[in-house]
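Me: I'm new to this one, so could you take me through a single part of it slowly? I'd like a close look at the place where the protein meets the RNA.

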Amino acid sequence: MSSTPARYNFRETEARWQKVWDDRQTFRARMDRTRPKYYVLEMFPYPSGRIHMGHVRNYTQGDVVARYKRARGFNVLHPMGWDAFGLPAENAAMEKKVHPRKWTYENIATMKAQLKSMGLSLDWSRELATCDPTYYRHQQKMFLDFWKAGLAYRREAWVNWDPVDNTVLANEQVIEGRGWRTGAPVERRKLTQWNLKITTFADELLERLNTLDRWPEKVRLMQANWIGRSRGARVFWQLTDAAGADRGRLEIFTTRPDTLYGASFMALSAEHPLVAELAERDPALQHFVAECRKTGTAAAELETAEKMGFRLPLLARHPLMPGKTVPVYAANFVLMEYGTGAIFGCPGHDERDHEFATKYGLPIIPVVMPRDGDPGSFSVAKAAFVEDGVIINSDFLDGLPVDEAKAAVIARLEEMGVGRGTIQYRLRDWLVSRQRYWGCPIPAIHCDCCGVVPVPENDLPVELPEDVTFDRPGNPLDHHPTWKHVACPSCGKPGRRETDTFDTFIDSSWYFDRFTSPALTSAPFDREENHYWMPVDQYIGGVEHAILHLLYSRFWTRAMREVQMTSRDEPFDGLFTQGMVCHETYRAADGSWLTPEEVERTAGGAVVRLSDKAPVAVGRSEKMSKSRKNVVDPDQIIRDYGADTARWFMLSDSPPERDLEWTEAGVTGAWRFQQRLFRIASTAIAALPAVGAPKPARLADAATDLRRAAHKAIAGVSADIEAFHFNKAVARLYELANTIDGFEAADDGGRWALREALEIFVRLAGPMTPHLAEELWQALGHTSLLADAPWPSAEDALLVDDTVTIALQVNGKLRGTIQMPKDSPKEASTSAALAHADVQKAMAGKPEKRVIVVPNRLVNVVV
RNA sequence: GCCCCCGUGGCGGAAUUGGUAGACGCGCCUGACUCAAAAUCAGGUUUCCUCACGGAAGUGUUGGUUCGAGUCCGACCGGGGGCACCA
């Protein structure tokens with residue numbers, strides 16, 4: 001007989017178990033009030049065509065949690081769907097002449113098959129696609145409710161226009177002055193657009209971050225910075241013209257009211273209404289405003305852009321200094337979108353104001369001085385002093401520290417009726433109009449008589465027309481011959497449909513709620529089911545959504561609360577952001593990128609092109625991307641090595657939150673372990689006692705040691721999974737496998753302990769390599785599914801050792817170790833340490849000054 | 001510029017939160033099996049000195065706190081991320 005057991009046939013095995021789980025509807029979630037629920041969700045994918053390694057990592061992590069929680073007795077909801085609206089579908093329509101719907105659904109079919117081959121414990125019965133009218137009709141209804149509640153409004157404003165995608169973008173979608181998808185510098189355009197009032201919740205969104213203790217600190221910090229709360233004051237300045245005639249009052253915002261006495265000019269945004277008014281009769285000012293607009297918002301331009309001002313024919317009266325006036329400018333560095341679009345300039349204590357004042361020869365008056373500064377020599381002529389200090393040259397504020405001065409001056413301003421303390425947020429309302437076809441239609445109708453009218457609820461959903469063309473730039477909905485023509489629901493006269501569609505981030509702002517009752521037609525979700533399943537207990541996805549998707553979802557949940565759809569505040573109880581999947585990059589001599597399949601490593605370690613053996617430059621490991629061609633196709637890995645190998649590799653070595661380096665060696669290592677495991681188990685199984693055989697009365701020491709290792713693994717792996725330390729859980733499984741492999745079952749007790757250890761191993765490995773584990777579970781003689789088996793529980797008595805190793809130190813340096821019974825008295829370990837030869841040698845005859853004993857850990861002798 | 005995170009063997013990374021640094025894996029070295037290779041198995045693998053026993057140094061650099069520091073504190077160097085004319 002051959003001593004080599006059959007090789008593990010992962011292809012046949014993985015397909016077989018996937019079918020069993022499918023047929024038995026093992027992962028179908030049903031509401032069950034008798035059990036605690038657990039909602040595991042990974043960020044749903046955009047159906048771009050094929051899944052990539054980032055998906056594999058994300059969904060593997062989620063699946064470990066889902067399968068683990070399931071084994072621990074939770075009623076787990078683990079659904080999957082498709083973020084199916086978006087521009088790539090329209091680009092495909094233009095390039096490949098295929099309808100966005102067809103392209104999208106074909107991609108969904110491909111990617112679904114790929115996900116299924118991973119063996120994920122998903123409830124596919126809840127699958128949804130956001131481009132389905134049965135999904136977006138509820139979104140339109142919610143929008144109408146928000147509109148009614150004053151949370152949605154139209155406003156004309158300067159917006160970010162992406163010239164490549166031909167659409168406006170939200171503030172959050174502009175990164176360093178460029179469109180988040182296209183990378184094209186955004187342009188400024190004045191348009192009337194739909195907005196959602198996220199600013200209503202600015203304070204709550206900020207405050208409640210503190211309660212999200214299962215969110216990464218980093219994400220909370222990013223959101224807090226994005227919301228950007230500043231305390232300050234609004235201050236009113238009376239304006240006069242050169243002749244002294246009253247020209248109304250100017251309101252400015254400042255975070256430094258304590259420096260009011262250092263004011264030397266006022267600056268208004270070029271987009272400020274007052275500037276526009278003055279420009280009507282001033283061609284030079286018109287020219288200046290046009291120049292400012294041209295500078296754009298691109299970060300690179302802003303950095304180099306010089307401060308520019310235009311002296312307006314106005315003077316501003318200082319609210320606290322009778323008789324004092326300062327000149328008023330229009331300036332290119334003042335943002336209309338923040339505060340009131342106007343500031344007072346205090347060059348002594350603001351770097352920008354300093355630069356401006358220096359350029360235009362305005363006075364620079366110091367009003368804050370370092371605590372230990374010398375009033376005689378302190379100067380801000382060269383640079384603004386922006387740190388904390390004491391107030392000078394400021395009347396009643398003199399001598400006060402900055403903090404107290406702020407409070408004092410605000411109190412005075414309020415008393416005089418010329419200002420008030422306020423809180424200002426950086427957060428802007430969410431601009432949701434997009435001039436695109438492949439998105440959810442905004443359910444509104446424009447009427448010349450009635451203005452903008454909501455689509456009646458009975459007429460929902462407003463569906464996208466199928467017959468559209470993509471042969472010219474702009475919005476296909478706008479070009480459609482008939483779609484937009486519709487009677488005004490209010491007066492019956494001819495009206496026009498809104499042809500803008502929603503930002504697709506709306507689609508993803510509530511899909512997790514929809515998963516709780518995906519088939520319901522009368523409402524977005526059933527209250528009871530939603531209340532049972534929500535919030536998401538564990539959400540997993542990329543950190544790139546730290547602000548966008550996660551902030552919008554937090555807003556949407558609050559908006560739903562405002563219209564009494566839910567009483568919840570937060571959608572995601574726990575959040576985990578996984579790292580990216582990276583790979584080395586390869587470049588040929590001509591600079592072109594090569595895929596990992598196009599290169600090979602020679603025996604000497606050099607990397608050459610496969611086709612012609614030409615040398616290849618190996619670049620640093622970067623996120624897998626099509627543009628650098630450093631991608632590895634998950635399908636191919638699953639075909640060559642199996643889903644379990646791909647999953648195991650994704651979980652080993654790299655901490656889940658950090659970037660993972662995909663290497664061929666790592667994959668083959670993971671694959672070898674699958675084979676080894678199969679061999680270890682298959683070899684042992686024949687000699688094992690039957691399933692459920694009683695524990696023999698006596699066990700040899702070796703058997704007890706094996707049991708200890710197995711039960712410690714239970715405790716360790718459980719804790720590791722709970723803490724998202726999958727790499728450590730994998731390491732513990734390796735250790736247990738090594739222990740099991742080295743164990744010789746000498747008697748019945750040994751064979752019993754070996755069965756126990758193998759069963760524990762298989763159950764612990766189940767969430768990570770579910771197919772192999774299921775196969776071995778069956779091979780061990782079980783007739784029910786491992787997927788339905790409970791998590792093993794550790795016997796406490798086996799988690800502690802009878803003897804412990806104690807480190808012996810002399811003056812903090814390790815000189816030896818001894819074995820002691822656990823919990824030995826201090827005196828015993830002290831005398832054992834002092835008697836130790838190496839300790840005595842290191843003490844060199846000197847008497848001990850002090851002995852520090854850490855029970856069960858170490859003894860440190862100080863001489 | 002401001003804010004945040006991270007620097008541990010050849011590599012990915014462990015280290016019960018102040019108590020034996022380098023678990024586990026990859027790679028490499030030696031040996032077994034083989035005509036040979038692959039696969040597999042056994043052993044070794046931080047560096048330096050030593051035939052060995054053993055010793056010394058060692059967690060980016062540097063200073064400090066402590067009986068004891070990868071872990072805490074200060075300064076610096078390097079890498080990554082977020083925000084950026086937000087008054």
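Reply: Sure, let's go to RNA strand B. There are 50 residues around RNA strand B, and the ones that come nearest are T255, Y338, R352, K728 and R857. Keep in mind that this is a predicted model.

What sort of surface does the strand face? The residues near RNA strand B split into 20 nonpolar, 19 charged and eleven polar ones. If you look for the element that gives the most to this surface, go to helix α22, residues 726-741, which puts in six residues.

Now switch to the RNA side. Take the atoms of RNA strand B that lie within 4 Å of the protein: 60% of them belong to sugar or phosphate, and the rest to bases.

The bases have some polar contacts you can pick out on screen. Start with K307: an N or O atom in the K307 side chain sits 2.4 Å from a base oxygen of RNA strand B. Then find D653, where an N or O atom of the side chain is 2.7 Å from a base nitrogen of RNA strand B. At L335 the backbone takes part instead, with a polar backbone atom 2.9 Å from a base nitrogen of RNA strand B.

While you're here, have a look at helix α23, residues 748-765. It's largely enclosed by the rest of the structure, because 16 of its 18 residues are buried. From first C-alpha to last, α23 reaches 26 Å, close to the 26 Å expected at 1.5 Å a residue. At the start of α23, a side-chain oxygen of D747 comes to within 3.2 Å of the backbone nitrogen of G749.

Notes:
Residues are numbered from 1 along each chain as its sequence is written. Chains are lettered from A and ligands numbered from 1 in the order in which they are written. This is a predicted model: local features need pLDDT of at least 70, side-chain atom pairs count only at pLDDT 80 or more; totals for chains, interfaces and linings use all residues. Side-chain values use heavy atoms; hydrogens and water are left out. A residue is near a molecule or strand if one of its heavy atoms lies within 4 Å of it. A polar contact is a pair of N or O atoms within 3.5 Å; within protein, one must be able to donate a hydrogen and the other to accept it, and residues adjacent in sequence count only if both atoms are side-chain atoms. Helices (H or I, at least four residues) and strands (E, at least two) are DSSP runs, numbered from the N terminus. Ala, Val, Leu, Ile, Met, Phe, Trp, Tyr, Cys and Pro count as nonpolar, Asp, Glu, Lys and Arg as charged, and the others, Gly among them, as polar. The expected span of a helix is 1.5 Å times one less than its number of residues. Buried means under 20% relative accessible area, exposed over 50%, partly exposed in between (1.4 Å probe, protein chains only).
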